[in-house]
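Open the model in your viewer and keep the selection tool at hand. This tour goes stop by stop.

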Amino acid sequence: MAKPAVIIVGADKGGVGKTTVARTLLDYFTAHQIATRAFDTETPRGTLKRFHPNLTDVVDMTLVADQMKVFDTLSSADASVTLIDVRAGLMLPTLKALRDIGFIEAAKKGQITFAVFHILGPTIASLDEIADTAAYLGDAKYFMVKNYINSTHFFEWDEATHSSYFKSIKDAVEVTIPKLNEMATEQVELASVPFITFIANKKQSGEPASYSFVLRGYVRHWLGNVWAEYDRIALTELIAQRPLTAPTQKVQAAR
Amino acid sequence: MPTTDSHRRLAAVREERPGDPVAPKTTARRRTPVFIVASPRPQVGKTFLARLLTDFLRLDGGQAVAFDLNPTGDAPGDRGLAAGTDLTDVRRQMALFDCLIVEDGIAKVIDLGHGSFAQFFRVVEDIGFIARPVGGRSSR
C-alpha cells in the first residue's frame, strides 16, 4: 500500500495561479483514479472548494484544530493523497507549522510522501521566496512552477540568478503551466466546474451543459499539455511510493 | 494522437453533444455533414465549387448552410463571418465551429479562402475538431 502523500500548492504572492494549479492536479488524480482529498486554506470561502466541492474542505491552517483535521487523518483517510491549496502569505507559516509538528521529519524518514508545488511570480521577489522556503523542505519533492496561464512574462528571470536560486534546493524540478486563452479561462471560471467537467460539457450537477465547443477544445488541449508536464515529472510514481521500512523491521520480517 | 497515459485518459472523456435548439427532444439526432472547400492557393475555383456544392445539397428540398471564409467576403455564404476572416479571434472561431457541430441535419459548406487556410487548420488542430469523441463518437 502506498504511503500517505501530502502535496502543498502555494506561493507567498497572490494571483499567481495557485488554485488553478491545484485544480489541474485534482483533475489529474481523478483521471488516474487516485483517491484524493483537498483542503482549501482560503477561509471562510475557498475558491478551490467552489470548483471541487466534493473533494474539498475549507480549513484555517493557523488553527491547531484544523491542523489536526488535516494531518492527524493522513493514514486513516480513504484518500491516499492530501492536497493543500495554501493561500497567499501562508506558505512559510504552513511549512514552519509542518516542521514544528514533526511532519517534515516524518517525511525525511520515508513515512510520508511530501511534495511542494511552489508557484512562482514573474518578479525577482518570488525567487527570494525559494531561498526562504528551502529551509523547511527537508526531503520534500520540490516543484518550481512557472505559471503562464495568465500570460505572465518571466522577464526578470536572468538565467544566472535563476540558476543560483534553483540550485539552492536539492532535486528541484521545474514545471511549466502553459497559457490558456482568456475567454476559455473566463468561461471555466463562470461555470465553476473542474476542467475535466467543462471538457465533458457538464454542469457541476452532472447535467448536460452548453459550453462552447471551441472553448472546450482549447481547455482539453491545454489540460493535455499540463498533464504532460505531470507525466514528465512522474507524479503518479511519486504518489505510489511505498513507506520505507526500518532496517530492524526488515531483519525481523526475514526471521 | 495520444502520446502519454494521461493524454489517453483525456482523449477518453466523453463530451455531451449540444442539442439542436430547434428540433423537439423526441426527434432522433441526424448526422450533419460538414464540407470544407479549401486550397492554400488563390483563384483556383474554391468559391465556384462551394456554390455548386451548396446548390446541389439544396436540390429537392435539401438544406445546406454556407460559411464564407474569404478575406473579402465575396462568396455567397448565407452565414458569412462578417468583414474579414480573422480566425485568431476566439469569438469568430466560436461563431464558426460552435455552429458546425450542431447535429441538426443541415449540411454545412465552408468556403475557406486561401488567406484563412493555415489559421483554420491550426484552430482545427488546437480544439481537436476532427478527433474529439463527442457524444461517444471518435470522429466525424
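How many of the 14 residues of α1(A) are buried? Select α1(A): 12 of the 14 are buried, so this helix is largely enclosed by the rest of the structure. Buried means that 20 or more other C-beta atoms lie within 10 Å of the residue's own; exposed means 12 or fewer, partly exposed is in between, and the C-beta atoms are placed from the backbone.

Before moving on, some ground rules. This is a predicted model, in which local features need pLDDT of at least 70 and side-chain atom pairs count only at pLDDT 80 or more, while totals for chains, interfaces and linings use all residues. Residues are numbered from 1 along each chain as its sequence is written, and chains are lettered from A and ligands numbered from 1 in the order in which they are written. Helices (H or I, at least four residues) and strands (E, at least two) are DSSP runs, numbered from the N terminus.

**Stop 1: the helix**

Stay on α1(A), residues 18-31 of chain A. Colour its buried residues, which include A:Lys18, A:Val21, A:Arg23, A:Leu25, A:Asp27 and A:Phe29. Now look at the two end C-alpha atoms of α1(A): they are 20 Å apart. That agrees with the 20 Å expected for 14 residues at 1.5 Å a residue. The expected span is 1.5 Å times one less than the number of residues.

**Stop 2: the loop after the helix**

Next, select A:Gln33, which follows α1(A). A:Gln33 sits in the loop between α1 and β2 of chain A. Its phi is near 55°, a positive value in a residue other than glycine. Most residues other than glycine have a negative phi. Is A:Gln33 buried or exposed? A:Gln33 is exposed, because it has 8 other C-beta atoms within 10 Å.

**Stop 3: a strand and its neighbours**

Go on to β2(A), residues 36-40 of chain A. Here 5 of the 5 residues are buried, so β2(A) is largely enclosed by the rest of the structure. In a regular strand the side chains alternate between the two faces of the sheet. A:Thr36, A:Ala38 and A:Asp40 point one way, while A:Arg37 and A:Phe39 point the other way.

Add β4(A), residues 81-85, which pairs with β2(A) in the parallel sense over 5 bridges. Two strands pair if DSSP finds at least two bridges between them. Pick A:Thr36 to find its bridge partner in β4(A), A:Val81. Then add β3(A), residues 56-58, which pairs with β2(A) in the parallel sense over 3 bridges. There, A:Thr56 is the bridge partner of A:Ala38.

Show the whole sheet. It is open, has 7 strands in the order β3-β2-β4-β1-β5-β6-β7 of chain A, and its pairing is parallel. The edge strands are β3 and β7 (173-177), each pairing on one side only. From one strand to the next, the twist averages 20°. Such angles run from 0 to 180 degrees between N-to-C directions, with axes as lines fitted to C-alpha atoms, for helices over the stretch in contact.

**Stop 4: chain B**

Switch to chain B, which has 4 helices and 3 strands. Along the sequence they follow the pattern α-β-α-β-α-β-α. Of the 140 residues in chain B, 27% are buried.

Select B:Asp60, in the loop between α2 (46-57) and β2 (64-69) of chain B. B:Asp60 has a positive phi of about 55° although it is not a glycine. B:Asp60 is exposed, with 5 other C-beta atoms within 10 Å.

**Stop 5: where the chains touch**

Show both chains. The contact takes 22 residues from chain B and 28 residues from chain A. Two residues are in contact if their C-beta atoms, placed from the backbone, lie within 7 Å. On the chain B side, the elements giving two or more residues are α1 (5-11), α3 (90-100) and α4 (117-127) of chain B. The residues on that side divide into 9 nonpolar, 5 polar and 8 charged. Ala, Val, Leu, Ile, Met, Phe, Trp, Tyr, Cys and Pro count as nonpolar, Asp, Glu, Lys and Arg as charged, and the others, Gly among them, as polar.

**Last stop: confidence**

Colour chain B by pLDDT, the predictor's confidence in each residue, from 0 to 100. Chain B averages 79, and 73% of its residues score at least 70. Find residues 20-27 of chain B, where pLDDT stays under 50. Residues 136-140 of chain B also stay under 50. Where pLDDT is low, the predicted coordinates should not be read in detail. For the complex, the predictor gives an ipTM of 0.78 and a pTM of 0.84.
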